[in-house]
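Okay, thanks everyone, I'll keep this short. Have a look at the model while I talk.

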Amino acid sequence: MAGKLLFSHAKRIVAVSHFIMHDLQERYGVSQEHTIVIPNPVDGEGIRRLARESVPADLEHIFQGKVVATMGRLTHQKGQRHLLRAFRQVKKEIPDARLVILGEGELLGKLEELRHE
């Protein structure tokens, strides 16, 4: 309920997608007049072009088998620690599954420690 209270005092609410905007409207009663969408810039064509490229030979072994991969800054905001903890459950059901986290950031050491736990 704190969300409704906070949103009711906001002059403008910025959502990163139309989906998020609609969710705010439905879940918290945010009016459309107070909401604006400023999408995160995504180069869709660039992503499709890169997806067609082959993986460099020295990295092919990383992506063999059942792999979940994620990429991003290694910071608290990105929440990779939650992914590592959740992946523990995946491993119980799919023992040969692997998790690949690509990125750099302040939490690299902490995430490596959590990986060993």
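Quick bit of vocabulary before anything else: when I say axis, I mean a line fitted to C-alpha atoms, for helices over the stretch in contact, and angles run from 0 to 180 degrees between N-to-C directions. And keep in mind that this is a predicted model.

So, helix H4, residues 80-93, and helix H5, residues 108-116. Their axes come within 10 Å and cross at roughly 10 degrees. Under 35 degrees counts as roughly parallel, so H4 and H5 are roughly parallel to each other.

Who's touching whom? On the H4 side we've got Gln80, Arg81, Leu84 and Arg85, and they meet Leu111, Leu114 and Arg115 of H5. By type, the residues of that contact are three nonpolar, one polar and three charged.

Staying with H4: does the length make sense? Its 14 residues should span 20 Å at 1.5 Å a residue, and the end C-alpha atoms are 20 Å apart, so that agrees. Gln80, Leu84 and Phe87 are buried in this helix. The cover over the buried residues of H4 includes H5, plus strand E3 (67-71) and strand E4 (98-102).

Now the cores. The largest nonpolar core has six residues: Ile13, Ala15, Met21, Leu24, Val30 and Val37. Strand E1 (13-15) and helix H2 (18-28) each put in at least two of them. Take Met21: setting aside neighbours within four places in sequence, Met21 is in contact with Ala15, Thr35 and Val37. Apart from that core there's another, of five residues, including Leu74, Leu84, Leu107 and Leu114. Leu84 and Leu114 are also part of the contact between H4 and H5.

That's me done, thanks.

Key. Residues numbered from 1 in each chain as written. Predicted model: local features only at pLDDT ≥ 70, side-chain atom pairs only at ≥ 80, totals over all residues. Heavy atoms only, no water. Helix = DSSP H or I, 4+ residues; strand = E, 2+ residues; numbered from the N terminus. Parallel < 35°, antiparallel > 145°, perpendicular 65-115°, else oblique. Contact = heavy atoms within 4.5 Å. Nonpolar A, V, L, I, M, F, W, Y, C, P; charged D, E, K, R; others polar. Core = buried A, V, L, I, M, F, W, Y, C linked by side-chain atoms within 4.5 Å. Buried < 20%, exposed > 50% of the residue type's maximum accessible area, 1.4 Å probe, protein only. Expected span 1.5 Å × (residues − 1).
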